[in-house]
Amino acid sequence: MKNLIVATILSLFMTTAVSANADAILGVWQNGSGKGHIQIYKENGKYFGKVIWLKEPLNSEGKPRLDVKNAEVEKRNKPIIGSIILRDFVYDDAEWNSGRIYNPEDGKEYKAFLKLKDSKTLSVRGYIGFSWIGKTDTWTKIR
């Protein structure tokens, strides 16, 4: 009976520790260029990120910057602020993978994975086909 209680307690502790580690990317991150802030959140067991701040939120006409390069024509009139640029990431073995990243600068979506370098530094790798054909950006946690 004691072994069962100890096993149950250890199991609960290990589940909590894994969840806490998986949720370490939750929060607000500044992208590598410093031009945007992305809030990473969890929904239905997957991780997503949306743009919540832009250094230059307005275009030359003083209107909100729109997603004009989006490959989907119907989305070109949507503001970049509020856009979901990270979607469907799953935590697995110290990485968040199987997700997609959208780049409003070129209007394209890429396969991607995320990996923490430390508690305040996130490596974001977008790629085409194979992970070695891509680009890595380093994001900094701001809150």
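## Briefing: an eight-strand barrel and its salt bridges

Arg 87 has a relative accessible area of 31% and is therefore classed as partly exposed. The model in which this residue sits is a predicted one. Its protein chain holds 1 helix and 8 strands, and the strands form a closed barrel with antiparallel pairing. Arg 87 also belongs to a network of salt bridges, together with Asp 88, Arg 100 and Glu 109. The points below cover the fold, the strand pairing, the nonpolar core, the charged pairs and one loop residue.

**Overall fold**

- Read from the N terminus, the order of elements in the protein chain is α-β-β-β-β-β-β-β-β.
- The barrel runs S1-S2-S3-S4-S5-S6-S7-S8 and is closed. On average, neighbouring strands of this sheet are turned by 30 degrees against each other, with direction ignored.
- The protein chain has 143 residues, of which 29% count as buried.
- Its accessible surface amounts to about 9400 Å², and carbon and sulfur atoms contribute 56% of that area.
- Among contacts in the protein chain with a separation of 6 or more, 37% involve residues that are 24 or more positions apart.

**Strand pairing and hairpins at S1, S2 and S3**

- Strand S1, covering residues 27-30, is joined to S2 by 4 bridges, and these two strands run antiparallel. Trp 29 has Ile 38 in S2 as its bridge partner.
- The hairpin of S1 and S2 has 5 residues between the strands, and Gly 34 takes a positive phi near 80 degrees there.
- S2 and S3 pair over 8 bridges, again in the antiparallel sense. The bridge partner of Ile 40 is Gly 49 in S3.
- In the hairpin of S2 and S3, 2 residues lie between the strands, and Asn 44 adopts a positive phi near 50 degrees.

**Nonpolar core**

- In soluble globular proteins, nonpolar side chains tend to be buried together.
- Here, the largest nonpolar core comprises 21 residues, and the members touching the most others are Ile 40, Leu 86, Leu 114, Leu 122 and Trp 139. Two or more residues of this core come from each of strands S2 (36-43), S3 (46-54), S4 (84-92), S5 (95-103), S6 (108-118) and S7 (121-127).
- Beyond its neighbours within four places in sequence, Trp 139 contacts a set of residues that includes the core members Ile 40, Leu 86 and Leu 122.
- Trp 29 and Ile 38 are also among the contacts of Trp 139, and these two residues are themselves bridge partners between S1 and S2.
- Further contacts of Trp 139 include Gln 30, Asn 31, Gly 32, Ile 85, Lys 120, Thr 121 and Val 124.

**Salt bridges**

- Side chains of opposite charge can pair when their charged atoms come close.
- The count of salt bridges in this model comes to 6.
- Arg 87 and Glu 109 meet through their side chains in a salt bridge, at 2.7 Å from N to O. Because Arg 87 lies in strand S4 and Glu 109 in strand S6, the pair ties together parts that are 22 residues apart in sequence.
- Glu 109 also forms a salt bridge with Arg 100, at 3.3 Å from N to O.
- Glu 109 counts as partly exposed at 33% relative accessibility, and Arg 100 is likewise partly exposed, with a relative accessible area of 27%.
- Glu 56 forms a salt bridge with Arg 65, in which the closest N and O atoms are 3.8 Å apart.
- Within this pair, Glu 56 counts as exposed at 53% relative accessibility, whereas Arg 65 counts as partly exposed at 29%.

**Leu 58 in the loop between S3 and S4**

- Leu 58 is located in the loop between S3 and S4.
- Its relative accessible area is 44%, so Leu 58 falls in the partly exposed class, which lies between the limits of 20% and 50%.
- Apart from residues up to four places away in sequence, Leu 58 touches Lys 63, Pro 64 and Arg 65. Arg 65 is also the salt-bridge partner of Glu 56.
- The C-alpha atoms of Leu 58 and Pro 79 are separated by 9.7 Å, and the two residues are 21 residues apart along the chain.

Technical notes. Residues numbered from 1 in each chain as written. Predicted model: local features only at pLDDT ≥ 70, side-chain atom pairs only at ≥ 80, totals over all residues. Heavy atoms only, no water. Buried < 20%, exposed > 50% of the residue type's maximum accessible area, 1.4 Å probe, protein only. Contact = heavy atoms within 4.5 Å. Areas by Shrake-Rupley, 256 points an atom, 1.4 Å probe, with all protein chains shown as cover. Core = buried A, V, L, I, M, F, W, Y, C linked by side-chain atoms within 4.5 Å. Pairing = 2+ DSSP bridges. Axes fitted to C-alpha atoms, helices over the stretch in contact; angles between N-to-C directions. Salt bridge = Lys/Arg side-chain N within 4 Å of Asp/Glu carboxyl O.
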